[in-house]
Amino acid sequence: MADTFGPAMPMPEGRAEPVEQATRDLGPRAEPIRVLVVDDHALFRRGLEIVLAQEEDIQVVGEAGDGAEAVDQAADLLPDIVLMDVRMPKRGGIEACTAIKEVAPSAKIIMLTISDEEADLYDAIKAGATGYLLKEISTDEVSTAIRAVADGQSQISPSMAAKLLTEFKSMIQRTDESKLVPAPRLTDRELEVLKLVATGMNNRDIAKELYISENTVKNHVRNILEKLQLHSRMEAVVYAMREKILEIR
């Protein structure tokens, strides 16, 4: 089995560090992470199943070849993680993402795709995806990304994250301030935590940076999401940048 799911391409510097850290942060699991694999290429689905079968804490519970089938499977299987391509026949991954969140609200969705289009990334986030990974990543990174997302983190390929931040900066510059709705008030400490989340830090690193406990960080993140009425760390960063809670320089 090849080490990557796509062409052998050089990856950005430092890409592996956040994933390795996420793996170290996770403790033993009582039950395996239940994964639904969605891709219109049968050989790719089979390859993922073979790779993930080697992981004791991950169980592939089903597969689907298009977005419509994915929604039905998600409703029946209630997976923890849906690993899904963006562009598929009948119903695309982004449209299916919205539907899956309705029939299986607890499922977390990771887009695994060859598409490096900014529009697909933004639409996936708006539709409720918690991760967006390019198929050029290594096989090991797939399993570690699944664990990280199951543990409440967001995962995004570094090259796509850079595009995301660039676009948000442009959006902010174009925004008519008179049309902005005042953002909910965050405390100074919550703003500190949010800024560190925006840099890609996980809870353990944020705790070390601010000299507070990891549980305190988790409480701050939960309060931030509740105040902003959002569902993931990634959505919180998007909202904060759009509403100028964070300044991008």
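**Figure 1. The whole chain, as a predicted model.** Counting up the secondary structure of the protein chain gives 11 helices and 6 strands. This is a predicted model, so keep that in mind for every view below. Of the chain's 249 residues, 47% count as buried. Look at contacts between residues at least 6 apart in sequence, and 70% of them turn out to join residues at least 24 apart.

**Figure 2. Inside the largest nonpolar core.** Here we have 30 residues, and the ones with the most contacts inside this core are Val 38, Val 82, Met 84, Ile 100, Met 111 and Tyr 132. Plenty of elements chip in with two or more residues: the strands β1 (33-38), β3 (81-84), β4 (108-113) and β5 (131-134), plus the helices α3 (67-77), α4 (93-103), α5 (118-127) and α11 (233-242). There's also a second, separate core of 20 residues, with Ile 206, Val 217, Leu 228 and Ala 236 among them.

**Figure 3. Zooming in on Tyr 132.** Leaving aside residues up to four places away in sequence, Tyr 132 touches a mixed crowd, including Val 86, Met 111, Leu 121, Ala 124, Ile 156 and Met 160. Thr 113, Ser 115, Glu 117, Asp 120, Gln 155 and Ser 157 are also on its contact list.

**Figure 4. Where α4 packs on α5.** The two helix axes sit 9 Å apart, at an angle of about 10 degrees. So α4 and α5 are roughly parallel to each other. On the α4 side, the residues to pick out are Ile 94, Cys 97, Thr 98 and Lys 101; they meet Asp 120, Asp 123, Ala 124 and Ala 127 of α5. Sorted by class, this contact has 4 nonpolar, 1 polar and 3 charged residues.

**Figure 5. Helix α6, residues 139-150.** From its first C-alpha to its last, this 12-residue helix reaches 17 Å, close to the expected 16 Å. The rest of the structure largely encloses α6, because 10 of its 12 residues are buried. Among those buried are Glu 141 and Arg 147, alongside Val 142, Ile 146 and Val 149. After the helix comes Gly 152, with a positive phi near 100 degrees.

**Figure 6. α8 crossing α11.** Helix α8 (residues 188-198) packs with α11 at an angle of about 110 degrees, their axes being 10 Å apart. That makes the pair roughly perpendicular. Leu 194, Val 197 and Ala 198 from α8 meet Arg 233, Ala 236, Val 237, Ala 240 and Met 241 from α11. The class split here is 7 nonpolar, no polar and 1 charged.

Technical notes:
Residues numbered from 1 in each chain as written. Predicted model: local features only at pLDDT ≥ 70, side-chain atom pairs only at ≥ 80, totals over all residues. Heavy atoms only, no water. Core = buried A, V, L, I, M, F, W, Y, C linked by side-chain atoms within 4.5 Å. Buried < 20%, exposed > 50% of the residue type's maximum accessible area, 1.4 Å probe, protein only. Helix = DSSP H or I, 4+ residues; strand = E, 2+ residues; numbered from the N terminus. Contact = heavy atoms within 4.5 Å. Axes fitted to C-alpha atoms, helices over the stretch in contact; angles between N-to-C directions. Parallel < 35°, antiparallel > 145°, perpendicular 65-115°, else oblique. Nonpolar A, V, L, I, M, F, W, Y, C, P; charged D, E, K, R; others polar. Expected span 1.5 Å × (residues − 1).
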